[in-house]
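Visitor: I have a structure open on my bench computer, and I keep meeting labels I would like to understand. Could you walk me through them?

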Amino acid sequence: MTNTVIGEDGKPRCRWCSVTPEFYDYHDKEWGFPEDNDICLFEKLCLESFQSGLSWRTILLKRDNFRAAFHHFDFDKISKFTQDDVERLLSDEGIVRHRGKIEAVINNAKRAREMVKQEGSLAAYFWRYEPKSDSLPEPQSASTSVESVALSKDLKKRGWKFVGPTTVYAFMQAMGMVNDHVEECTFRSVIETSRQQFKRP
């Protein structure tokens, strides 16, 4: 079986795009591009946490609802959520209504504020865990890495929740710390060029 699927433009892409039409836009415009905006990074990590045990399609289709429910993942605002907000979110059919994950987002928003004070920004902290390119496994052949285990461990030490090594590795893929597009994918070279031009925080 080939690792790619041909898009409408005739170009090969990672095979997982074929699961649902919504994946093409996410694959082409977002997945793997290096990110240094703290709000975007917090959103990506939260969504990966919500995805745990579910399909990414479920999360992607509900993404706008998540953004509306969580103030577009502004962690300063989320950190002020109360128990009333938890109950409100648990009754919101537009998102994943999982108490533990909802409470984790609120907890992690508080931890994110602490991290900004300690590290300067979330981006400065996360990018310290970028693996060396020659240490990476074959694209899409691993669900964790030495770096994701280390990052997960440190986040948990800092009080973050729902940030296991697999969730963290998916986050690293999504935020561009790891270019996990398959070799034959047209966008692997696009991402690599973007990574080369990206100024690490």
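Guide: Happy to help; we will take the labels in turn, and please keep in mind that this is a predicted model.

Visitor: Let's start with a helix. Which residues of helix H11 are buried?

Guide: Helix H11 covers residues 186–197, and its buried residues are Phe-187, Arg-188, Ile-191 and Arg-195.

Visitor: How do you know that they are on the same side of H11?

Guide: Look at the arc they cover around the axis: it is only 110 degrees, which puts them on the same side of H11. On the other side, Gln-196 and Gln-197 are exposed.

Visitor: What do the buried residues of H11 pack against?

Guide: They pack against two elements, strand S2 (12–14) and helix H1 (22–29).

Visitor: On to Arg-63. Why is Arg-63 called buried or exposed?

Guide: The relative accessibility of Arg-63 is 10%. Buried means under 20%, so Arg-63 counts as buried. You will find Arg-63 in helix H4, residues 63–69.

Visitor: Which residues is Arg-63 in contact with, leaving aside neighbours within four places in sequence?

Guide: Arg-63 is in contact with Tyr-26, Glu-30, Glu-43 and Leu-47.

Visitor: Now for charges. How many salt bridges does the structure hold?

Guide: There are 21 salt bridges in the structure.

Visitor: What makes Arg-99 and Glu-103 a salt bridge?

Guide: Their closest N and O atoms are 3.7 Å apart. The cut-off is within 4 Å, so the pair Arg-99 and Glu-103 counts as a salt bridge. Both residues lie in helix H7 (residues 99–119), four residues apart, or about one turn of the helix.

Visitor: Why is Arg-99 called partly exposed?

Guide: Arg-99 has 37% relative accessibility. Partly exposed lies between the 20% and 50% limits, so that is the label for Arg-99. Glu-103, with a relative accessible area of 34%, is partly exposed too.

Visitor: What makes Glu-119 and Arg-158 a salt bridge, and where are they?

Guide: The closest N and O atoms of Glu-119 and Arg-158 are 2.8 Å apart, and within 4 Å is what the term asks for, so the label fits. The pair links distant parts of the chain: Glu-119 is in helix H7, while Arg-158 is in the loop between H9 and H10, 39 residues apart.

Visitor: Which other side chain meets Arg-158 in a salt bridge?

Guide: That is Asp-154, at 2.8 Å from N to O. Asp-154 has 19% relative accessibility, and buried means under 20%, so Asp-154 counts as buried. Arg-158 has a relative accessible area of 24% and is partly exposed.

Visitor: One more label: what is the phi of Gln-140, and where is the residue found?

Guide: Phi of Gln-140 is near 55 degrees, a positive value in a residue other than glycine. Most residues other than glycine have a negative phi. Gln-140 is found in the loop between helix H8 (122–126) and helix H9 (146–157), and counts as partly exposed at 34% relative accessibility.

Visitor: What is the phi of Phe-162?

Guide: Phi of Phe-162 is near 55 degrees, and this residue is other than glycine as well. Phe-162 is found in the loop between H9 and helix H10 (165–174), and is partly exposed with a relative accessible area of 35%.

Conventions. Residues numbered from 1 in each chain as written. Predicted model: local features only at pLDDT ≥ 70, side-chain atom pairs only at ≥ 80, totals over all residues. Heavy atoms only, no water. Buried < 20%, exposed > 50% of the residue type's maximum accessible area, 1.4 Å probe, protein only. Arc of directions from axis to C-beta. Contact = heavy atoms within 4.5 Å. Salt bridge = Lys/Arg side-chain N within 4 Å of Asp/Glu carboxyl O.
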